[in-house]
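Work through the exercises below with the model open. Try each task before reading its solution.

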Amino acid sequence: MFNHVEHYAGDPILGLMDKFAKDDRPNKVNLGVGVYYDDNGKLPVLESVKKAENQIANPPKPRPYLPMDGLIGYRTACQNLLFGKGSQVLGDKRVATIATIGGSGALKVGADFIHTWFKDAKCYVSKPTWGNHIGIFEGSGFEVGEYPYYDKDTNGIKFDELLAFFNGLNKNDVVLLHPCCHNPTGVDLTNEQWDKVLDVVKAKELIAFMDIAYQGFGQDMDADVYAIRKAVDLGLSFFVSNSFSKNLSLYGERVGGLSVVCPTADEAKLVQGQLQFTVRRIYSSPPSHGGHVVDIVMNDESLFNEWVSEVYVMRDRIREMRQKLRDVLEAKVANKSFEYLTTQQGMFSFTGLTPEQVQRLQDEFAVYMVSNGRMCVAGLNSSNIDYVANAMASVLA
């Protein structure tokens with residue numbers, strides 16, 4: 001019956017993790033998977049989260065279905081983080097927001113919505129981007145193309161090419177943007193560059209879809225959403241998918257959100273209804289436990305402030321690892337600058353390593369990263385940083 005079904009080769013990153021798990025070398029290092037680990041190489045449970053979970057468990061409470069669009073407090077939390085508590089756009093009730101099954105679920109619901117109501121739209125993602133961006137939008141029926149982004153020769157951005165490309169797109173084409181901590185490169189637009197990009201988005205009447213999975217890991221909670229708030233200031237209508245996986249260390253709870261900025265409150269009501277309808281047709285309602293954790297942490301002033309401080313501890317540890325890696329590489333590899341390692345932001349770095357060098361790291365040193373040279377910096381710690389840096393220096397020599 002199923003002989004005609006095509007073989008699925010598997011996700012390359014998850015496949016790499018399977019190979020890592022089977023490696024019995026004691027010095028192996030996992031720099032492939034996009035997960036934050038602390039300096040002991042452990043997945044942290046945040047203190048703010050522990051306190052919220054204690055509230056949920058004491059006493060134990062029933063587990064009813066949540067509303068299709070999630071808890072009100074959860075949705076408010078997403079809006080306040082992204083657009084600013086007390087902002088005009090929220091006061092005007094122009095933002096439709098739903099809780100989703102992680103950031104991936106937000107992308108899926110948004111992609112389905114856009115393809116339903118803007119059938120001729122095409123979607124464009126940065127070259128490169130997180131691989132699942134392409135799969136999700138293609139799965140929603142989009143033709144997906146790439147716009148110029150990363151310049152491997154400068155470890156920067158092909159900004160002029162990017163602007164020219166956007167200027168050639170059609171009305172209602174979707175451009176998927178990373179407001180901060182670009183995945184996989186770690187190379188972000190400056191505020192001045194964002195201003196120019198968003199001016200083109202407005203002039204060409206494009207649909208911006210901003211995917212922010214790492215708020216707080218770049219500069220800070222507010223600076224990381226500059227592009228989002230600038231788009232509001234310009235009067236754009238656009239989509240934002242956000243995730244609490246990294247900054248609350250709640251990966252398996254699947255806690256994300258989708259927000260749509262609309263021209264009017266009446267249109268926001270229409271969009272909210274259609275987002276609910278989309279959810280109903282896919283999974284009916286979002287996860288409960290993670291939803292309540294987010295609701296409690298984000299809406300309790302003391303827990304919220306504690307959480308922000310914990311995020312900044314994670315951010316600063318990643319920065320420290322970037323600096324240490326750069327210091328060792330510049331000491332070991334003659335006539336080469338590794339400044340880009342410390343100007344990139346967030347959990348990921350494009351190291352500049354070739355696929356052949358990445359394979360050597362794996363074969364000779366048990367250091368695992370994605371074949372395109374993307375490294376999860378959060379996999380580095382004080383125990384393995386010197387080993388990894390020296391291994392990288394060896395394959396670069």
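In S10, which residue is the bridge partner of Ile101? The solution is Val255.

This is a predicted model, in which local features need pLDDT of at least 70, side-chain atom pairs count only at pLDDT 80 or more, and totals for chains, interfaces and linings use all residues. Residues are numbered from 1 along each chain as its sequence is written, and side-chain values use heavy atoms, without hydrogens and water.

**Exercise 1. Lay out the sheet.**

Step 1. Fix the terms. Strands (E, at least two residues) and helices (H or I, at least four) are DSSP runs numbered from the N terminus. Two strands pair if DSSP finds at least two bridges between them.

Step 2. Write the order. The open sheet has seven strands, S2-S10-S9-S8-S7-S3-S4, with mixed pairing.

Step 3. Find the edges. S2 (95-101) and S4 (144-148) each have a single partner strand, so one side of each lacks a neighbour in the sheet.

Step 4. Add the twist. Neighbouring strands are turned by 25 degrees against each other on average, direction ignored.

**Exercise 2. Assign the pairing at both edges.**

Step 1. Take S2. Seven bridges pair S2 with S10 (residues 255-261) in the antiparallel sense.

Step 2. Take S4. S3 and S4 run parallel and are joined by five bridges. Cys123 stands opposite Val144 in S4.

Step 3. Check burial (under 20% relative accessible area, 1.4 Å probe, protein chains only). Four of the five residues of S3 (residues 123-127) are buried.

**Exercise 3. Place H3 on the sheet and against H9.**

Step 1. Start with the sheet. H3 (residues 72-83) lies across S2, S8 (207-212), S9 (238-243) and S10, at about 115 degrees to S2. Angles run from 0 to 180 degrees between N-to-C directions of axes fitted to C-alpha atoms, for helices over the stretch in contact.

Step 2. Turn to H9. The axes of H3 and H9 come within 8 Å and cross at roughly 85 degrees. That makes H3 roughly perpendicular (65 to 115 degrees) to H9.

Step 3. List the contact (heavy atoms within 4.5 Å). H3 gives Asn80, Leu81, Leu82 and Phe83; H9 gives Ile228, Arg229 and Val232.

**Exercise 4. Describe the packing of H8 on H9.**

Step 1. Get the geometry. The axes of H8 (residues 191-204) and H9 (residues 226-233) come within 10 Å and cross at roughly 40 degrees. H8 is therefore oblique to H9, a class for angles outside the perpendicular range that are neither under 35 degrees nor over 145.

Step 2. Name the residues. Asn191, Trp194, Asp195 and Leu198 of H8 meet Tyr226, Ala227, Lys230 and Ala231 of H9.

How values were computed:
Buried means under 20% relative accessible area, exposed over 50%, partly exposed in between (1.4 Å probe, protein chains only).
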